[in-house]
Amino acid sequence: MNRLLKSILLASTVAVVSPLSALAASDLGPTSDETVYFRGWPYKPEVVDDNVKRYNSSLDGNIDYQTVTHGDYPTLMEKSLIAGDALDIIYANPATAVRFLEAGWIVPADDVPNIEEIKADMYDNAKHAFTYNGKLLGLSYFLSVRGTMMVNRERQDTLGVSDPKNWDEFYAQIIDLHEKGEKNLFMPHWFNEFYGISWAFIMEVLNRGGSQIDPETKRPVLSADGPAGDTLRMWKEIYNSGIVPQEVISFTESGIVEGFSSGRFLYSPHNFYNIKIFNDPAQSKIAGKVGFLGFDGQSWGLLDSALYLRTARDRSPGLEEDAKRFQSWYGYKDQDGKVFVGQRWANNSILFSAYKTVMESEESKAAFESALAFEGDYERMLALYNAAPYPPVWKMVWAEEYNSFLRLRLGQFLSNDENVEDFIAELNAEIDKLNKKYKVYKN
């Protein structure tokens, strides 16, 4: 085992677990003839379909999977849960899961089969992200570093520039190149999806050492003379000067992925797993030339993750047991004692996992290295993952409401060229209002 891999991934010791602790195949299969309804967002639905078919065929399961393809996924899920739709297992990010748990729409995963083995196999950073008020919200779908700054190394060499170590150096470099007449320097993470421009602001403030809230008091801590103000002033400058395409605030994520794959841009922040696309000759004009900014004192991006949640809808005892068993099978080990789904995501999409069993496997190492173009990038990838922060604001029950507010107002802030001081005061006021709405504090 690579020594750096062991130390980077939080130096957690893998628990010694007897093979007998894994349930037998018959104990992971259904106990009733009732249907378990499973829903997720549209990321490689053909893989999910195939995983579900394997469960249904090998364990005589009754899983109905469909992809939610239109609209804002968290909002659509919330509407479905309010309406009492037939939902049993769903995808969600941890911030969404916190809201759903507080609303009584999901139940914690602390009672699924093999839960103690599952928890022992989790890295501490993942367990922190997935835990709320001492309860495990769900089981691991994936982890990644969203906001990894991808670099076109060939163009970087042509321009004679090296990797900036932090956001200040980054902006200084692209502004200098722009003033020298260079074009297409930066495609930002400002796209118009729930994880787009709002997450870009949250991650950059975090990378600069700031936060939306104080983790202890939950009060807003954004300031015009701190990381938030520095972020917004630079955004205004590069937007107004034409360094970035102004239409990016109307793009989808696929638009910025295609944009960077075209080879036109020097830098662009993405979820780490997209490097597999960028270094694939069938999908990218710069395959074999894409690297990323590593950790050199400042993190880039944030820890992005998703879970498999179990809803709290009224189920018969048999259906409840079936939902638990499928959640355990899909979110951890199959009837053969393998983390089948998690390892498959690592192999075909270089998605990180919460589980040591996946991340420390030779299969995963080979998969990750196959998507990387430069010597040393595997170790740099692990260091980047280890340094990725998790936003304290995502532990708040109102995180999704604040995210929707940010998504709308950040686009307006740029388009209308609004005042930074006034805008930050508005953000703080919004956080304060949400805290009072949910009785986090009264005054």
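Helices α9 and α11 run roughly parallel to each other in this predicted model. How do we get there? Two packed helices are described by the angle between their axes and the distance between the axes. Here α9 covers residues 167-179, and α11 covers residues 227-240. Their axes come within 12 Å and cross at roughly 15°. Angles under 35 degrees count as roughly parallel. The pair is therefore roughly parallel. The crossing also has a hand: α9 passes α11 in a left-handed way.

Now look at the side of each helix that faces the other. From α9 come Y171, I174 and I175. They meet M234, W235, E237 and I238 of α11. Sort these residues by class, and the contact has 6 nonpolar, no polar and 1 charged residues.

Next, turn to the empty spaces. How many cavities of 30 Å³ or more does a search of the whole structure find? The search finds 6. The largest has a volume of about 70 Å³.

Which residues line this largest cavity? Y171 and W235 are among them, and both also belong to the contact of α9 with α11. The lining further includes W167, F186, P188, H189 and W190. A200, M203, E204 and P269 line the cavity too.

Helices contribute to this lining. Both α9 and α10 (197-207) supply at least two residues each. The largest share, 3 residues, comes from α10. By class, the lining has 9 nonpolar, 1 polar and 1 charged residues.

Methods:
Residues are numbered from 1 along each chain as its sequence is written. This is a predicted model: local features need pLDDT of at least 70, side-chain atom pairs count only at pLDDT 80 or more; totals for chains, interfaces and linings use all residues. Side-chain values use heavy atoms; hydrogens and water are left out. Axes are lines fitted to C-alpha atoms, for helices over the stretch in contact, and angles run from 0 to 180 degrees between N-to-C directions. Helices (H or I, at least four residues) and strands (E, at least two) are DSSP runs, numbered from the N terminus. Angles under 35 degrees count as roughly parallel, over 145 as roughly antiparallel, 65 to 115 as roughly perpendicular and the rest as oblique. A crossing is left-handed if the near helix is turned anticlockwise from the far one by less than a right angle, and right-handed if clockwise. Contact means heavy atoms within 4.5 Å. Ala, Val, Leu, Ile, Met, Phe, Trp, Tyr, Cys and Pro count as nonpolar, Asp, Glu, Lys and Arg as charged, and the others, Gly among them, as polar. On a 1 Å grid over the protein atoms alone, a cavity is a set of points where a 1.4 Å probe fits but cannot get out, and a pocket is an open set with protein on both sides within 12 Å along at least five of seven lines; lining residues have an atom within 4 Å of a point. Grid points are joined across faces, edges and corners, and a volume is the space filled by probe spheres set on the points.
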